Amino acid sequence: IEKYNYIKEHCDEFVYVSHYYSKAAIFKRNRLLVNQSHYCVCYLTKPNGGTAYTVNEAYKNGLSIINLA
């Protein structure tokens with residue numbers, strides 16, 4: 001919690017996509033990140049799952065993909 005509060009206090013912008021954890025909130029967060037980015041830095045090792053979905057969305061939106069895997 002201490003690290004979370006430190007980051008929150010020192011960031012330029014803080015955006016809530018939901019007040020509760022859910023799969024829908026995670027997808028909404030990921031779409032927001034993709035829509036406001038120029039690059040996608042990921043660690044993608046398999047062709048399915050949440051990371052693969054988000055990287056695919058980044059690719060569709062023309063982002064440069066940097067896979068650290």
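Helices (H or I, at least four residues) and strands (E, at least two) are DSSP runs, numbered from the N terminus. The model is predicted: local features need pLDDT of at least 70, side-chain atom pairs count only at pLDDT 80 or more, and totals for chains, interfaces and linings use all residues. Residues are numbered from 1 along each chain as its sequence is written, and side-chain values use heavy atoms, with hydrogens and water left out.

**View 1. The whole protein chain, with three helices and two strands.** From the N terminus, the order of elements is α-α-β-α-β. The C-alpha trace spans about 35 × 25 × 20 Å along its principal axes. The protein chain has 69 residues, and 14% of them count as buried. Buried means under 20% relative accessible area, exposed means over 50%, and partly exposed lies in between (1.4 Å probe, protein chains only). The exposed surface of the protein chain is about 6100 Å², and carbon and sulfur atoms supply 54% of it. Accessible areas come from the Shrake-Rupley method with a 1.4 Å probe; for residues, only the protein chains shown count as cover. A contact means heavy atoms within 4.5 Å. Among contacts between residues at least 6 apart in sequence, 49% join residues at least 24 apart.

**View 2. Helix α2, residues 23-35.** This helix has 13 residues. From first C-alpha to last it reaches 18 Å, close to the 18 Å expected at 1.5 Å a residue. The expected span is 1.5 Å times one less than the number of residues. Ala-25, Asn-30 and Val-34 are buried in α2. The buried residues of α2 pack against α3 (50-60).

**View 3. Asn-30 and Thr-54, across α2 and α3.** Asn-30 lies in helix α2. Asn-30 counts as buried because its relative accessibility is 11%. Its side chain makes a polar contact with the side chain of Arg-29, at 2.8 Å. A polar contact is a pair of N or O atoms within 3.5 Å; within protein, one must be able to donate a hydrogen and the other to accept it, and residues adjacent in sequence count only if both atoms are side-chain atoms. Thr-54 lies in helix α3. Thr-54 is also buried, with a relative accessible area of 16%. Leaving out residues up to four places away in sequence, Thr-54 touches Asn-30 and Val-34.

**View 4. The Lys-60 to Glu-57 salt bridge in helix α3.** A salt bridge is a side-chain nitrogen of Lys or Arg within 4 Å of a carboxyl oxygen of Asp or Glu. By this rule the count is one salt bridge. The closest N and O atoms of Lys-60 and Glu-57 are 3.4 Å apart. The two residues are three apart in helix α3, about one turn of the helix. Lys-60 is exposed because its relative accessible area is 56%. Lys-60 and Val-34 are 26 residues apart in sequence, yet 9.9 Å apart in space, C-alpha to C-alpha.

**View 5. A nonpolar surface patch of about 580 Å².** Tyr-39, Val-41, Tyr-43, Ile-66 and Leu-68 make the patch. Patches are made of residues with over 30% relative accessible area and no salt bridge: like charges are joined within 9 Å, nonpolar side chains (Val, Leu, Ile, Met, Phe, Trp, Tyr) within 5 Å. Leu-68 sits in the segment after β2 (64-67). Leu-68 is exposed, with a relative accessible area of 56%.
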